[in-house]
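Biologist: Please take me slowly through the surroundings of the ligand, and then through the neighbouring topics that help a beginner to read them.

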Amino acid sequence: MPAPRVFSGIQPTADSFHLGNYLGALRQWVAFQETHDAFYCVVDLHAITVAHDPALLRRRTRVAAAQLFAAGLDPDRCTVFVQSHVAEHTALAWVLGCLTGFGEASRMTQFKDKAAKGGSSAASLGLFSYPVLQAADILLYQTQQVPVGEDQRQHLELSRDLAIRFNHRFGPTFTVPSPYIPGGVAKITDLQDPSAKMSKSSSAPQGIIDLLDDPDAIRRKIARAVTDPGSEIRADEAAKPGVTNLLRIYAALTGEQVAALEDRYRGAGYGAFKKDLAEVVTGALAPIRERAAKLIADEPALDAMLAHGAAKARPIARATMEQVSERIGFLPAV
Ligand code: TRP
């Protein structure tokens with residue numbers, strides 16, 4: 001049996017990914033290389049659904065790709081590529097858009113949130129059809145599993161519905177994908193507001209540890225992380241959300257159990273614990289940061305790695321799109 005296919009995407013909308021992205025997604029992506037036929041896409045088409053700066057997009061697309069490779073994705077064991085390099089993404093999105101109900105798209109909560117944020121009259125047609133483009137990403141590769149966070153569940157449901165609808169109307173064409181929302185993944189929260197998820201869109205910079213932060217910045221952010229009344233180092237989500245988050249980060253990066261850490265730091269005080277945690281985090285992120293810096297400094301090499309990924313992705317996307325065109329009734333372009 002061939003290895004099951006996974007597909008996931010990440011937007012190039014920040015100057016660095018953060019620790020929440022790394023522990024919540026990228027680490028699993030790296031692990032999937034061993035067990036799955038894995039496709040990972042830097043979704044630049046999605047990044048222009050809101051106002052953007054072209055030079056910044058170009059830089060962030062490279063920085064995003066560099067971090068994926070630096071975190072351990074191996075261009076020979078998985079496929080890493082840039083969405084706009086494979087034209088079939090937009091071609092299939094058009095077809096799927098014609099199968100999507102206006103009301104159906106209007107119910108997408110992420111669209112409603114983002115549109116409300118920017119003022120709904122400023123929301124673009126692209127932002128509205130964002131989930132349809134995402135469905136095209138997934139369905140083009142006959143994806144079986146889509147590792148995503150809980151916030152993407154509704155988008156995945158739409159991808160499944162569109163696959164089923166197309167197959168039903170035009171004949172079996174698409175694999176119906178399943179979400180893969182892994183259990184046991186550390187939920188990392190904002191260092192300044194431990195009740196909120198660590199998020200590039202809502203956290204203040206002090207609340208986020210960036211993958212590309214230098215060691216001093218990491219030490220400073222951890223030293224200033226919100227702790228809780230008392231001095232006990234103990235996981236207790238309700239009473240001690242700040243300390244609980246720090247314990248989870250520590251455990252996720254060292255592979256230790258939270259209970260073992262509670263034992264080790266009994267009576268130690270927040271200061272000593274945070275100092276050790278800062279060493280754990282800087283130790284884990286330093287190699288990623290160094291590898292990413294090297295890749296970013298050598299644009300031709302990085303661009304060649306992405307060209308290699310697109311060359312692997314394209315034939316698969318093309319084969320699916322040819323089938324779609326035939327089923328839909330488009331003439332072959334001979
Ligand atoms: N919408 C996803 C997010 O914001 C990114 C994404 C785009 C994606 N295309 C995808 C994720 C396809 C999984 C599969 O996280």
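Modeller: What follows starts at the ligand and then turns to a few residues and a pocket.

This is a predicted model, in which local features need pLDDT of at least 70 and side-chain atom pairs count only at pLDDT 80 or more, while totals for chains, interfaces and linings use all residues. Residues are numbered from 1 along each chain as its sequence is written, and side-chain values use heavy atoms, with hydrogens and water left out.

The residues around the ligand, each with a heavy atom within 4 Å of it, are F7, S8, G9, V43, H46, Y130, Q134, D137, I138, V146, V148 and Q152. Three of these side chains can be followed atom by atom: a nitrogen atom of the ligand lies 2.7 Å from a polar side-chain atom of Y130, one lies 2.9 Å from an N or O atom in the side chain of Q134, and one lies 2.7 Å from an N or O atom in the side chain of D137.

The side chain of Q134 also makes a polar contact with the side chain of H155, at 3.2 Å; such a contact is a pair of N or O atoms within 3.5 Å, and within protein one must be able to donate a hydrogen and the other to accept it, while residues adjacent in sequence count only if both atoms are side-chain atoms. H155 belongs to helix α9 (residues 153-170), where helices are DSSP runs of H or I with at least four residues and strands are runs of E with at least two, numbered from the N terminus. H155 counts as buried because its relative accessible area is 2%, and buried means under 20%, exposed over 50% and partly exposed in between, with a 1.4 Å probe and protein chains only.

F7, one of the residues around the ligand, leads to Q142: the two are 135 residues apart in sequence and 9.1 Å apart in space, C-alpha to C-alpha. Q142 sits in the loop between α8 and β4 (145-147), and it counts as partly exposed because its relative accessibility is 22%.

Helix α8 (130-140) is also one of the elements that supply at least two residues each to the lining of the second largest pocket, together with α4 (88-97), α5 (102-106) and α7 (125-128). The largest share of that lining, 4 residues, comes from α4.
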